[in-house]
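Trainee: I have a structure open and would like to go through its empty spaces, its cores and a few odd residues. Can we take them one at a time?

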Amino acid sequence: MPLMPRDSIAGAEKALAPPRFQPVISGQAAIGLSLAALIGAAWLGLHIYGVYFHRWQGWGWVVAPLVVAVQTWLSVGLFIIAHDAIHGSLAPGRPRLNHAVGQLCVGLYAGFRYKRLAANHHRHHAASGTADDPDFHPEAPRRLVPWFLRFFRTYFGLFEFGVLTVWLVVAIGVLGASMTNMLVFWALPALLSALQLFVFGTWLPHRHGEPGFEDQHNARSNGFGPLLSLLTCFHFGRHHEHHLYPYLPWWRLPDLEATPQRRASATR
């Protein structure tokens with residue numbers, strides 16, 4: 001999409017936003033960083049438990065799927081925190097802090113490089129749903145599997161593979177983790193969360209077909225309720241709202257309960 005000029009953004013805010021809406025609210029950095037710390041601490045705690053302490057005996061077989069499910073969701077959270085950092089909404093006005101937290105999150109997530117992710121994500125917003133969008137598959141704009149494979153290859157290359165290989169060797173050879181636990185509680189949640197992010201944060205919002213798109217953003221929102229929206233993709237499924245207001249952090253997106261009529265008036 002073409003970047004909106006400031007006067008267009010102001011008009012969109014006025015048309016879409018609820019009363020007293022502000023692009024940046026008081027304490028936004030403190031709230032965002034606190035939520036990021038909670039998500040990160042929970043992810044790290046479950047990672048340490050699963051990889052180094054989980055035992056495959058008795059209740060261990062019952063607990064394991066629950067740990068994988070929660071860790072998958074928390075891994076999505078790590079990526080969403082980094083996404084907010086890319087837009088500067090994690091800690092507004094503090095680019096170095098955004099960069100540092102974003103790199104930590106995507107590094108823990110899958111050894112990604114924050115700068116590369118940020119550059120591609122800004123390209124995505126500049127040309128959403130077109131051949132110039134690195135997150136789009138113009139030859140298969142409706143098909144999940146080819147699009148996901150292209151998406152995966154775009155972001156996971158030799159560098160990331162090397163980082164994860166080193167991490168695997170250290171965890172098993174130095175810290176004493178078992179290969180089984182690494183695969184179940186580290187590799188599996190990473191892969192499942194990548195699929196979850198893709199389906200709810202890219203494919204469903206940007207795939208061509210019905211319903212169509214409302215405007216040049218080439219994005220739609222899923223219409224899920226607050227709890228399902230949080231569980232699927234930390235409200236990132238409110239994707240049209242996100243493209244209208246990319247500077248809003250994930251936890252503020254539910255504030256924009258925009259109707260189609262209000263969205264349409266914002267883009268005129």
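Trainee: How do the residues of the lining of the largest cavity divide into nonpolar, polar and charged?
Mentor: Keep in mind that this is a predicted model. The lining of the largest cavity consists of Trp 43, His 47, Gln 71, Ser 75, Leu 108, Tyr 109, Phe 185, Trp 186, Pro 189 and Ala 190. His, Gln and Ser fall in the polar class because they are on neither the nonpolar nor the charged list. The division is therefore seven nonpolar, three polar and no charged.

Trainee: Which element gives the largest share of the lining of the largest cavity?
Mentor: The structure holds one cavity of 30 Å³ or more, and the volume of the largest cavity is about 40 Å³. H2, H3, H4 and H8 are the elements that give two or more residues to its lining. The largest share, four residues, comes from H8.

Trainee: Which residues are the closest to the centre of the largest pocket?
Mentor: The largest pocket has a volume of about 700 Å³. It is lined by 34 residues, and the closest to its centre are Tyr 109, Ala 110, Phe 112, Phe 152 and Ala 194.

Trainee: How many residues does the largest share of the lining of the largest pocket hold?
Mentor: Six helices each supply at least two residues of this lining: H3 (60–86), H4 (95–110), H5 (114–126), H6 (144–155), H7 (158–174) and H8 (179–206). By class, the residues of the lining divide into 25 nonpolar, eight polar and one charged. The largest share comes from H8, with 13 residues.

Trainee: Which helix gives the most to the largest nonpolar core?
Mentor: That core has 36 residues, and the members that touch the most others are Ile 80, Ile 81, Phe 112 and Phe 198. Helix H2 (28–53), H3, H4, H5, H6 and H8 each supply at least two of its residues. The most, eight residues, comes from H3.

Trainee: Which residues does Phe 198 touch, not counting residues up to four places away in sequence?
Mentor: Phe 198 is one of the core members that touch the most other members. Leaving out residues up to four places away in sequence, its contacts are Leu 144, Trp 147, Phe 148, Phe 151 and Trp 203.

Trainee: How many residues does the second, separate core have?
Mentor: Val 51, Val 67, Ala 171 and Trp 186 are among its members. The count for this second core is 10 residues.

Trainee: Is Asn 218 buried or exposed?
Mentor: Asn 218 is in the loop between H8 and helix H9 (226–233). Leaving out residues up to four places away in sequence, Asn 218 touches Ser 128, Gly 129, Thr 130, Pro 205, His 206 and Phe 213. The cut-off is under 20% relative accessible area. Its relative accessibility is 19%, so Asn 218 counts as buried.

Trainee: What is phi of Phe 234 near?
Mentor: Phe 234 is found in the loop between H9 and helix H10 (239–244), and at 2% relative accessibility Phe 234 counts as buried. Most residues other than glycine have a negative phi. Phe 234 has a positive value and is a residue other than glycine; its phi is near 50 degrees.

Definitions and conventions:
Residues are numbered from 1 along each chain as its sequence is written. This is a predicted model: local features need pLDDT of at least 70, side-chain atom pairs count only at pLDDT 80 or more; totals for chains, interfaces and linings use all residues. Side-chain values use heavy atoms; hydrogens and water are left out. On a 1 Å grid over the protein atoms alone, a cavity is a set of points where a 1.4 Å probe fits but cannot get out, and a pocket is an open set with protein on both sides within 12 Å along at least five of seven lines; lining residues have an atom within 4 Å of a point. Grid points are joined across faces, edges and corners, and a volume is the space filled by probe spheres set on the points. A nonpolar core is a set of buried Ala, Val, Leu, Ile, Met, Phe, Trp, Tyr and Cys residues joined through side-chain atoms within 4.5 Å. Buried means under 20% relative accessible area, exposed over 50%, partly exposed in between (1.4 Å probe, protein chains only). Contact means heavy atoms within 4.5 Å.
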